[in-house]
Amino acid sequence: MSGGQAAFSLDAEPAATGIAEVAARRARRGQTVIPVIRANEEELAAHQRALESVERAANAPALFRDH
């Protein structure tokens, strides 16, 4: 089991390992601003080429292509 799974319990009471404190830290973490790094023109073109390759291999349009 992973470290988080070791503390998993179906009991109504939080375990003595501090699950309530972990949940509180996770809630505070949600306030963090995550930077968004946009793709440049070269990266966008490479992505389009990759989508075209997938479409040729599948002989169908990519469902996630932005038309």
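## Getting to know helix H3 and what follows

Let's begin with one residue: Glutamate 55 touches Ala60, Pro61, Ala62 and Arg65, leaving aside residues up to four places away in sequence; contact here means heavy atoms within 4.5 Å. This is a predicted model, in which local features need pLDDT of at least 70 and side-chain atom pairs count only at pLDDT 80 or more, while totals for chains, interfaces and linings use all residues. Residues are numbered from 1 along each chain as its sequence is written, and side-chain values use heavy atoms, with hydrogens and water left out.

**The chain as a whole**

- The protein chain has three helices and zero strands, and from the N terminus on its elements run α-α-α. Helices (H or I, at least four residues) and strands (E, at least two) are DSSP runs, numbered from the N terminus.
- Of the 67 residues in the protein chain, 7% count as buried. Buried means under 20% relative accessible area, exposed over 50%, and partly exposed in between (1.4 Å probe, protein chains only).
- The accessible surface of the protein chain is about 6,400 Å², and 57% of that belongs to carbon and sulfur atoms. Accessible areas come from the Shrake-Rupley method with a 1.4 Å probe, and for residues, only the protein chains shown count as cover.

**How confident the prediction is**

- The average pLDDT of the protein chain is 77, and 61% of the residues score at least 70. pLDDT is the predictor's confidence in each residue, from 0 to 100.
- Confidence is lowest in helix H1 (residues 3-6), with a mean of 62, and highest in H3, at 95.

**Along helix H3**

- At the start of H3, a side-chain oxygen of asparagine 40 comes within 3.0 Å of the backbone nitrogen of glutamate 42.
- The 18 residues of H3 should span 26 Å at 1.5 Å a residue, and its end C-alpha atoms are indeed 26 Å apart. The expected span of a helix is 1.5 Å times one less than its number of residues.
- Glutamate 55 is found in helix H3 (residues 41-58), and this residue counts as buried because its relative accessible area is 18%.
- Glutamate 52 also has its place in helix H3, but this residue is partly exposed, with a relative accessible area of 38%.

**After helix H3**

- Asparagine 59 follows H3 with a positive phi, near 55 degrees, and that is a positive value in a residue other than glycine.
- Asparagine 59 is exposed, with a relative accessible area of 71%.
- Proline 61 lies in the segment after H3 and is exposed, with a relative accessible area of 58%.

**Back towards the helix**

- Proline 61 and leucine 51 are ten residues apart along the chain, and their C-alpha atoms are separated by 8.7 Å.
- Glutamate 52 and alanine 62 are ten residues apart in sequence, and 8.2 Å apart in space from C-alpha to C-alpha.
- Pro61 and Ala62 are also among the residues that Glutamate 55 touches.

Note on methods:
A polar contact is a pair of N or O atoms within 3.5 Å; within protein, one must be able to donate a hydrogen and the other to accept it, and residues adjacent in sequence count only if both atoms are side-chain atoms.
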